[in-house]
Amino acid sequence: MFGLSYAKFDSMTYVMQYRNGQLVREGRGLAFFYGTLGSSIAAVPLGSNDLPFIFNETTADYQSISIQGQLTYRITQPKQLAELLDFTVNGSGIYKKNELEKLNQRLVNEAQTATSAFVHSLGLKDSVRSNKAIEAEIVAGLRASAAVALLGIEVLGVNILAVRATPEMERALEAETRERLQQEADQAVYERRNFAVEQERRIKESELNTDIAVEEKRKQIDEKRNETQLQRAANERRLRELQIQADIAVEASRAQLLEQQTANERLAAETQGYVTETTLRPFQSLDWRTLTALQNNPNPRLNIALAFRELAENAAKIGTLNITPDLLDGLLDRDGGPGSAGGPRRNRPADGSDAEAPRRDNPGPNPPKNGRR
């Protein structure tokens, strides 16, 4: 209205306002009022763009291939690009010409030019497997291109999605690949069978080696068992020898002990004999009657026995000897008195005398010479 309008652009658009052929305003994301009668506005997009492409090439073996991919770029010099292409917008912000399509076509042409020489040096098989190499060639070609540099374009990346031959060649390659794969499969089967045979041979060889090792171990075990038995026999023989030597030593010690005991007993007997002889030596010159009297034995039987012995010794001097029954009864004590066979026994002294026997008249150790009573 009245030749005045308002323009507003986003931050990803570089805006340049010209008035009467002179640049009066430029920058990103501008918003301003301007006069529509003498002003012209150019808006260059700054964001990155994805450009899909597909083109055909010929390989070194004269086979056609199609290369399909995507190119990513962004405008780094919008003012420089605006001088080469028309990015003028009308009052509604719509481009008057579709210059982006022209820019994209130039980039595709540059990409194809960068790829052409490389693909012509490759065969069909190598070409369809050279995606990464083609990507590198396109990137290097675009960055080295003077036309791209004049446009103020920065190539961010290239992605090759497919490199394909014609359908007939694809089927031929598939058949060839199929045959090769079949041969590889047959070779794999053969190798698998050969591997199975080899494994079977190794298993049998391993089993034989195991049997040999087992027999060797058995042999070693038998040898070790024989050595153990020999060692045990030697130990048993050594133990028997030691036992015999110990028995001999014991017997020798026992013989020495017996000899020592015999010598001790002989010495004890000699000592006892000497003591007895020394003890009895003073009594050798004494008469037995004196010895009997020295004993002071109160047993009347002993006295009577001594009296009878005295009588017997003097029997040649005795004319008549009368022994009355009373005297015999008194000696034998048949009435059950002390010392009789039928009466009760009493404790007697160790010398055999009757300590409790009643005293009787005893003529003493020296009875009358006539022996009469």
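**Strand β2 and its neighbours**

I would like to begin with a pairing, namely that of β2 with strand β5, residues 39-45, where the two run in the antiparallel sense and are joined over seven bridges. Please keep in mind, as we go on, that what you have in front of you is a predicted model.

On β2, which covers residues 13-19, there is also a pairing with β3, again in the antiparallel sense, and this one extends over six bridges. As a reminder for anyone new to sheets, strands of a sheet pair through backbone hydrogen bonds, either parallel or antiparallel.

Let me take methionine 16 as an example, since its partners can be named: in β5 its bridge partner is alanine 42, while in β3 its bridge partner is glutamate 26. Glutamine 17, for its part, stands opposite arginine 25 in β3.

If we now follow the chain through the hairpin of β2 and β3, we find two residues between the strands, and asparagine 20 takes a positive phi near 55 degrees there.

Stepping back, these strands belong to an open sheet of four strands, with the order β3-β2-β5-β8 and antiparallel pairing. Its edge strands are β3, at 22-28, and β8, at 88-89, each of which pairs on one side only.

Why can we call β2 largely enclosed by the rest of the structure? Five of its seven residues are buried, meaning under 20% relative accessible area, and therefore β2 is described in that way.

Key. Residues numbered from 1 in each chain as written. Predicted model: local features only at pLDDT ≥ 70, side-chain atom pairs only at ≥ 80, totals over all residues. Heavy atoms only, no water. Pairing = 2+ DSSP bridges. Buried < 20%, exposed > 50% of the residue type's maximum accessible area, 1.4 Å probe, protein only.
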